[in-house]
Every structure is written in structure tokens, then in C-alpha cells.
Amino acid sequence: MLRTVITAAVGLTLATGCAPDSEAPVKVSVLSRSSNGQYVPTQVELTTIEDVVGLKGTVGDLQGGARIVIDVNDPGLQNATEDTIAEVLLKKPGHDVKASYITQKDEKTGEDVLWPADFHSWNMVTSYYNLERANEYFRTVANVKVASFEPAPTLYYFPEFVQTQLSKEPAQDNAIFYPVLQSFLVLPFDKIQRAPLPLNAAVMAHEYSHLVFNRLSYAGQSLPLALATWGSDSPSQGANVLKAYDEGLADYHAYGATCRSPSGCDPRFMATSFDGGPYAGVTDARDLSNGNRCMSAILYARVQQQDLNSFSADGAEYQVGTLLATALYQAGRSTGQEAQLQRDIVSAYYDTNPATPGIYQYTQQVLGDQTLFTLAVPARAIISHITDLELRKAVCNEFMDHLQIPRADLIGDNLCPASAAGGTTCPNIFQ
């Protein structure tokens with residue numbers, strides 16, 4: 001269990017020193033997954049840090065002690081705007097965290113390395129490091145411009161996060177990107193003990209993907225116009241499609257981020273947190289390497305016919321998202337062009353070129369009629385941004401097969417080649 005590892009690691013430290021130097025790069029120890037799949041103390045460099053005690057830098061700002069309450073009956077919400085809603089939800093805005101370290105000499109280089117001196121310091125500095133890793137993935141692999149990450153998001157560490165429609169008690173065992181606050185929430189953990197979510201770099205990359213999707217596919221809107229407009233209707237096909245794509249692409253990018261880790265590409269990246277616990281089924285349900293998943297007629301109908309709350313509440317957005325992530329995984333693996341596909345996908349989020357509209361541009365085109373925003377529409381955005389013809393055809397075939405997107409909806413200029421005919425894994429639900 002990680003608490004044991006952390007306690008043992010602290011016991012290895014040698015001596016306290018002066019206040020740590022926050023000028024990047026800063027050498028610290030974090031809990032990171034090694035090449036054999038175990039979480040162990042690992043020496044790394046924080047390259048974006050500006051305050052190593054307050055854990056504040058260009059990729060995030062950790063805040064502790066916050067209380068966030070989402071209550072649809074809160075009178076303050078009645079007149080709240082995108083600029084003022086944070087003041088309503090943040091009942092306690094929190095304060096700067098304060099990590100404690102003990103300085104140890106690196107035996108090979110003789111340089112000072114900061115070792116976290118208590119559990120929360122380990123947890124917080126690892127959380128910041130995992131934000132750095134996710135940011136680096138999207139900057140280098142996905143080619144996201146630095147300006148898209150500004151301003152740096154807040155990471156609320158162990159806040160009281162209450163959703164009154166679900167429970168009056170603060171939520172636990174989750175890591176969340178909450179677009180209304182443009183912030184991450186790392187909640188206290190209770191049942192997930194094997195590898196708490198902020199220590200799982202892939203889980204944090206999943207949440208960071210939501211930030212990138214928001215900044216590009218929603219143009220950085222805290223209250224995305226398309227979701228707010230479409231989600232208030234019933235049924236909510238357009239909103240359901242957006243939520244499913246957001247989740248599926250987050251899983252696919254989380255997988256992509258693992259390929260840059262010492263343990264290598266891991267389509268079962270949730271296993272280290274969820275296996276062997278009360279949520280053990282999550283890993284199998286979101287395993288990208290299971291190529292036998294198929295869209296059912298019932299699930300397809302739910303996309304079209306359910307309201308957004310129902311679609312989200314019963315997990316349909318994750319089921320459809322997993323089908324999307326699986327299709328992309330199969331296409332990338334079969335062509336050996338995974339990194340290129342990851343880059344092409346992100347380039348499809350926002351594009352003002354009328355010949356190759358991005359997902360955001362497509363939402364604006366049909367904002368008045370969400371029935372026109374089908375599963376095929378964001379698929380068209382992705383396909384039109386894939387430059388390699390072999391890779392494009394592979395993605396087309398997987399979309400037609402696993403997601404059951406009709407072939408006629410994907411064939412055309414800048415889209416699927418005429419030779420794309422779908423796959424043979426899944427039965428045709430339209431026959």
C-alpha cells in the first residue's frame with residue numbers, strides 16, 4: 001500500500017536544510033510508476049515550478065482548504081454569470097498549500113534533492129508533477145500552443161466538494177476537471193488505496209485532456225454554450241454526443257500519455273488504481289485493447305433520445321466514449337501511427353478553415369438544431385484532419401464498425417476515401 005511506501009521513503013531522508021530553492025528546474029522525489037509497474041519514490045525535475053513550497057507554477061496552482069458546493073437551489077445561482085459563478089460555488093476559496101521537504105544529496109551527482117517529508121507533501125508534489133507530464137504530452141505530442149494553457153488552472157487539493165443532488169456529504173475517491181471553475185479537483189480518497197488517483201499519471205492526463213477539450217472545442221467557455229443550450233432540452237442528442245466524445249478522447253489521450261512513461265503504453269491504465277478494490281470492474285469496462293466492443297441499437301438510441309442528465313447518470317457517455325477510444329486505439333495500432341493520430345485529433349478541436357471545420361466550429365453551425373449534431377459530425381472533424389491516407393482509412397473503418405456511424409455520413413471531400421467500407425467485428429445495427 002502506498003502509505004507504507006511513503007513512510008519508508010521518508011525514513012530514508014538524511015537531513016533538513018534551508019528553505020528550498022524554487023527556481024526551476026527543481027529536483028524532487030515523487031511517487032511514480034516504474035518500468036516494472038510499481039509505484040516507487042523517483043527522482044524527477046520540476047521544470048515549470050515557481051514556488052516549490054506552495055506548489056505553484058505555469059501548469060497549475062495548488063490550493064487547499066476549499067469548500068465547493070453545487071446546489072441547484074442556491075439562490076445565488078439565479079443571477080450568476082460566467083464571470084460571477086465561481087464566487088457562488090466557492091463557499092471557501094481555499095489557501096496556498098505548504099509542502100514540507102527534507103534535503104538529501106544525490107549519491108551520483110552530489111546535487112540536492114527535495115524529499116517530501118509527509119504524506120500530503122508526497123501527494124501534492126506528485127500531483128503537480130503529473131500536471132507537468134500531461135502538459136508536456138499535449139505540448140509536444142499533440143502540438144497544443146502554449147497560449148491555450150493560459151491562464152494556468154487551479155488544482156484544489158482535498159477540497160470539500162458537495163453535489164447536493166447526489167449527497168450532502170463531500171465526495172471522495174475522484175479526480176475531476178470542473179470546467180465551471182476552470183480547475184482540477186483532487187478529492188480525498190477512502191476506498192481507492194492501491195494508487196490514489198492523483199498519483200496515477202494517466203488518470204491526471206485524462207483530466208488534463210478535459211481541460212484541453214474545453215479550451216479548444218468549447219473555446220475556453222466555463223459554461224460551454226453548446227452544452228448549456230442543448231443540455232436544457234430533452235432529448236439532448238448534441239449534448240450527449242459532445243459529452244461522449246470528451247470522455248472517449250480523454251481516455252485515448254490518457255493512453256497516449258502512458259506511452260511516454262517508463263512502464264510504456266498501457267491500454268489498461270486504470271488498473272493500478274482500481275484493480276482489487278470496490279471499483280475493480282472499471283478497468284475492464286474502459287480497457288482500450290478490447291477490440292470486440294460494439295455499438296448496440298439500444299445504446300445508439302439512447303444517444304438520440306435521452307436527456308443529458310439521464311445519459312450521464314447511467315454511464316452511457318462513458319460507454320460511447322469507450323467505443324470511440326477503442327476505435328482510435330485499433331486504428332492507431334494497426335497503422336503504427338499512434339502519435340500522429342493523437343496530434344491530428346487535437347488539431348480537429350478548433351479550426352476556422354471552412355474546408356476542415358473543427359468540433360467547435362461544427363457546434364456553432366448547428367447551434368439552433370442539435371439533432372444535426374450526430375455521432376458522425378465530430379467524427380468528420382477528426383477524419384478531415386488526418387493527413388496520412390492509410391491512417392485516415394483505418395480510422396474511418398473503425399468508426400463505421402465500432403461506433404456504427406453510417407458510411408454515407410463519412411464519405412466525401414477531405415473525409416473517408418471511397419475504399420473505406422467499415423470492419424467485420426460488429427454486426428450492422430441498421431439492418
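**Entry 1: strand β11 and its partners**

I started with β11 and β14 (residues 183-186), and found that the two strands run parallel and are joined by four bridges. This is a predicted model, so I read each entry as a description of a prediction. Next I looked up a single bridge in this pair: Tyr157 has Val186 of β14 as its partner.

Then I turned to β5 (residues 60-64). Its pairing with β11 is parallel as well, again over four bridges. Here I noted Leu62, which stands opposite Leu155 in β11.

Which way do the side chains of β11 (residues 154-157) point? Thr154 and Tyr156 go one way, while Leu155 and Tyr157 go the other. I also checked their exposure, and all four of these residues are buried.

**Entry 2: a three-stranded sheet**

I looked for the strand order in another sheet and wrote down β7-β6-β12, an open sheet with mixed pairing. Why do β7 (90-92) and β12 (160-163) count as edge strands? Each has a single partner strand, so one side of each is left without a neighbour in the sheet. From one strand to the next, I found an average twist of 20°.

I then took a closer look at β6 (residues 67-70) and β7. They pair in the antiparallel sense, with two bridges between them. In this pair, Arg67 stands opposite Lys92 of β7.

**Entry 3: the nonpolar cores**

A general reminder to myself: in soluble globular proteins, nonpolar side chains tend to be buried together. With that in mind, I looked up the largest nonpolar core here, and it holds 104 residues. Which members touch the most others? They are Leu55, Tyr245 and Phe399. I also asked where the core gets its largest share, and the source is helix α6 (residues 237-258), with ten residues. A second core, separate from this one, has 14 residues, among them Ala66, Ile68, Ile85 and Val180.

I picked Phe399 for a closer look. Setting aside neighbours within four places in sequence, I listed its contacts as Leu324, Ala327, Leu328, Ala379, Ile383, Gln404, Ile405 and Leu410.

**Entry 4: following Phe399 to Gln404**

Gln404 caught my eye in that list of contacts, so I looked it up next. This residue lies in the segment after α15. Is Gln404 buried or exposed? Its relative accessibility is 5%, and because buried means under 20%, Gln404 counts as buried.

What does the side chain of Gln404 reach? I found the backbone oxygen of Asp401 at 2.7 Å. Beyond neighbours within four places in sequence, Gln404 is in contact with Met295, Tyr300, Phe399, Cys426, Pro427, Asn428, Ile429 and Phe430. Cys426 is on that list, which led me to the disulfides.

**Entry 5: the disulfides**

Another general note: a disulfide is a covalent bond between the sulfur atoms of two cysteines. How many disulfides does a search of the whole structure find? I counted three. With the bonded cysteines numbered in sequence order, I wrote the pairing as 1-2, 3-6, 4-5.

I began with Cys259 and Cys265, whose sulfur atoms are 2.0 Å apart. The link is right-handed, with 130° about the S-S bond. Cys259 is partly exposed, at 29% relative accessible area, and Cys265 is partly exposed too, at 36%.

Cys294 and Cys426 came next, with sulfur atoms 2.1 Å apart. I read -85° about this S-S bond, a left-handed link. Where do the two cysteines sit? Cys294 is in the loop between α8 (281-285) and α9 (297-305), and Cys426 is in the segment after α15 (389-402). The pair links distant parts of the chain, 132 residues apart. On exposure, Cys294 is partly exposed at 28%, whereas Cys426 counts as buried at 9%.

I finished with Cys396 and Cys416, joined by a disulfide with an S to S distance of 2.0 Å. The torsion about their S-S bond is about -100°, so this disulfide is left-handed. Cys396 is in helix α15 and Cys416 in the segment after α15, and the two are 20 residues apart. Both Cys396 and Cys416 are buried.

How values were computed
Residues numbered from 1 in each chain as written. Predicted model: local features only at pLDDT ≥ 70, side-chain atom pairs only at ≥ 80, totals over all residues. Heavy atoms only, no water. Disulfide = S-S within 2.5 Å. Buried < 20%, exposed > 50% of the residue type's maximum accessible area, 1.4 Å probe, protein only. Pairing = 2+ DSSP bridges. Axes fitted to C-alpha atoms, helices over the stretch in contact; angles between N-to-C directions. Core = buried A, V, L, I, M, F, W, Y, C linked by side-chain atoms within 4.5 Å. Contact = heavy atoms within 4.5 Å. Polar contact = N/O pair within 3.5 Å; in protein donor to acceptor, adjacent residues only side chain to side chain.
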